[in-house]
Amino acid sequence: MKPQIFLHEWTQLQEILLNPLILSFLVIFSLLFLLKSKKNTSKLNLPPSPPKLPLIGNLHQLSSLPYRSFRTLSNKYGPLMLLHLGQVPTVVVSSVEIAREITKNHDVAFADRPSLTGVGIVFRGCADMAFGPYSDHSREAKKLCVLQLLSQKRVQEFHFIREEEVSKAVEKIRVSSGETINISDMFMGLAHNILSRTAFGSIYDDENNGKYKNFGELARRSMKLLSAYCFKDLFPFLGFIDHFSGLIGDLETVSKELSDFFNRVIEDRESLMNDDEKAEDKKYLIDILLYLRKEGLELDLSKDNLKAILMDMFVGGIDSTAALMEWMMAELMKNPRIRKKAQEEIRRVVGKNSKITQTDINKMVYLRCIMKEIVRFHASAMMPKQTSASVKLQGYDIPAKTRVLINTWQIQRDPSLWDDAEEFAPERFLECSDETNKKLLFSFGSGRRGCPGLAYAYAEVEYVLANLLYLFDWELPDGENAEDLDMSEVYTFVIFKKKSLWVVAHPYTS
């Protein structure tokens, strides 16, 4: 779901609407649509809804940070409200009680996804587990990821990759000691490199290897296009604008490039397969999948479905993990007291050892509190659901084919759930119950569409930040102070800092 409208797309829409012929058509279409909609919904008890404008519905009430706009509207219209985003009815859920009711009582009915233009083109209709419709295949693909690819055991087996990539990043920071570093870019590169090696056994971004040149740039371009505004997703009858704007062409180009890349990688890994080996012997995700297919797994692991699983991981894994690291470092720079307390714990636990182990991480209680507070304070996941059947929720009728957004960002800042909800306070998790920890799960989705990569993300972010805080002392560039650090946001699939975080590192000497 991409409800924000950027300036150039909004200008395009205005120009089209001012054309007399098109304007006449739209007026007639809107009247017919409204009459049909009124007839179909007149007997339904729909959730509260703000007044809407013709054609655009409630879009004019949304900013480029829709989760904040949703909070403003829900404070007036309630935690379950109906918006009309263009021609698409969308229910917004803003309370943990309603989110839990959906998961507990209506999980299947709310498990579907809307058919978004960008996803359909980039994934080429392949049966994926995260972005496509809910099906037996998506359910079994997710189960495969949880049990075979992203289990705690597998995540620990990938530790050597995190260790090697973090070591490379640390060396680059040492070389730049005392200089200003764009650490946001570094986190994005780390997230890409770690996931690429975990999935393929190689970064596949070597400029000296033309066959795989700049896959990192291709992955980032894919994320940008998938989060771009698409007229067809909100105004089906204006889908032709996406062709004129070049969006469809760009999506088709990046889709082909991704497909070609994954085809080559799969063919390369297939050529290295050994008949005497099994999936459990393999290190990398693609090899595990190929050997599972060879062993006759019931799940259809055709080449297209393999590519869909791998694309799910890149779409869902790089940006979200990089954003977590970026926000964690930003909050530590903004809160020197918290940063100092975390460094004291890390250095006490590690002592004089040359490197940090997983056993060390498990002892870093305060670091894990910071991690949980980052997940709470900067919760960003807002993947759209779509009802597959009519549902009664909180006494209201939710028709089939209604889009549903759970505003995790608002839930995680709900003052009825959290003391001092608008304060960044890791100490809240020092003495917390299992119930408190469960509240955080909504940040990674819930129910049948919950994110299977939770353990993977936690392991990576904790290890990266533990090393950076252990090995270096950090400060902001000259002329900047913590109180004035710009924490403004930009929203795509996840919430990023709007401005890159620049810092200065000094090697720590005990």
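How exposed is lysine 168: buried, partly exposed or exposed? Lysine 168 counts as partly exposed, at 44% relative accessibility. Keep that residue in mind, as it comes back below with its salt-bridge partners. One caveat before going on: this is a predicted model.

## The chain as a whole

Let's start with the overall picture. The chain has 510 residues, and 55% of them are buried. Its secondary structure comes to 21 helices and 11 strands. About 22800 Å² of the chain is exposed, with carbon and sulfur atoms supplying 53% of that area.

As for how the fold is wired, take the contacts between residues at least 6 apart in sequence: 74% of them join residues at least 24 apart.

## Helix H15

Helix H15 covers residues 303-334, which is 32 residues. From first C-alpha to last, H15 reaches 47 Å, close to the 46 Å expected at 1.5 Å a residue. H15 is also mostly covered, with 27 of its 32 residues buried.

## Salt bridges within helices

Side chains of opposite charge can pair when their charged atoms come close. Across the whole structure, a search turns up 23 salt bridges. Back to lysine 168: this residue forms a salt bridge with glutamate 165, and the closest N and O atoms are 3.0 Å apart. Both residues sit in helix H8 (residues 159-175), three residues apart, or about one turn of the helix. The two ends of the bridge are covered to different degrees, because glutamate 165 is buried at a relative accessible area of 3%, while lysine 168 is partly exposed at 44%. The pair also belongs to a network of salt bridges that links Glu164, Glu165, Lys168 and Arg197.

Helix H7 (residues 152-157) offers another in-helix pair, lysine 153 and glutamate 157. Their side chains meet in a salt bridge at 2.7 Å, N to O. Because they are four residues apart in H7, about one helical turn separates them. Out on the solvent side of the ledger, lysine 153 is exposed, with a relative accessible area of 58%, and glutamate 157 counts as partly exposed at 32%.

## A bridge between distant helices

Which parts of the chain does the salt bridge between glutamate 462 and arginine 368 link? First, the bridge itself: the two side chains meet at 3.4 Å, N to O. The pair links distant parts of the chain, with glutamate 462 in helix H21 (residues 454-471) and arginine 368 in helix H18 (residues 365-377), 94 residues apart. Glutamate 462 counts as buried, at 4% relative accessibility, whereas arginine 368 is partly exposed at 29%.

## Around residues 391 to 398

Aspartate 397 lies in strand E6 (residues 396-398). Why does aspartate 397 count as buried? Its relative accessibility is 16%, and the cut-off for buried is under 20%. Its side chain makes a polar contact of 2.9 Å with the side chain of lysine 392. Setting aside neighbours within four places in sequence, aspartate 397 is in contact with Leu44, Asn45, Leu46, Pro47, Val391 and Lys392.

Isoleucine 102, in helix H4 (residues 96-105), also reaches across the sequence. This residue is buried, with a relative accessible area of 2%. Glutamine 394 is 292 residues from isoleucine 102 in sequence, yet the C-alpha to C-alpha distance is 10.0 Å. With neighbours within four places left out, the contacts of isoleucine 102 are Val93, Asp107, Phe110 and Leu393.

## Strand E8 and its partner

In a regular strand the side chains alternate between the two faces of the sheet. Strand E8 (residues 472-475) has a covered face made of Phe472 and Trp474, and an uncovered one made of Asp473 and Glu475. E8 pairs with strand E11 (residues 502-507) in the antiparallel sense, over four bridges. Within that pairing, glutamate 475 stands opposite valine 504 in E11.

## Lysine 340

One last residue to look at is lysine 340, in helix H16 (residues 336-350). Lysine 340 is exposed, with a relative accessible area of 53%. In sequence, lysine 340 and leucine 469 are 129 residues apart, and in space 9.1 Å separates them, C-alpha to C-alpha.

Definitions and conventions:
Residues are numbered from 1 along each chain as its sequence is written. This is a predicted model: local features need pLDDT of at least 70, side-chain atom pairs count only at pLDDT 80 or more; totals for chains, interfaces and linings use all residues. Side-chain values use heavy atoms; hydrogens and water are left out. Helices (H or I, at least four residues) and strands (E, at least two) are DSSP runs, numbered from the N terminus. Buried means under 20% relative accessible area, exposed over 50%, partly exposed in between (1.4 Å probe, protein chains only). Contact means heavy atoms within 4.5 Å. Accessible areas come from the Shrake-Rupley method with a 1.4 Å probe; for residues, only the protein chains shown count as cover. The expected span of a helix is 1.5 Å times one less than its number of residues. A polar contact is a pair of N or O atoms within 3.5 Å; within protein, one must be able to donate a hydrogen and the other to accept it, and residues adjacent in sequence count only if both atoms are side-chain atoms. A salt bridge is a side-chain nitrogen of Lys or Arg within 4 Å of a carboxyl oxygen of Asp or Glu. Two strands pair if DSSP finds at least two bridges between them.
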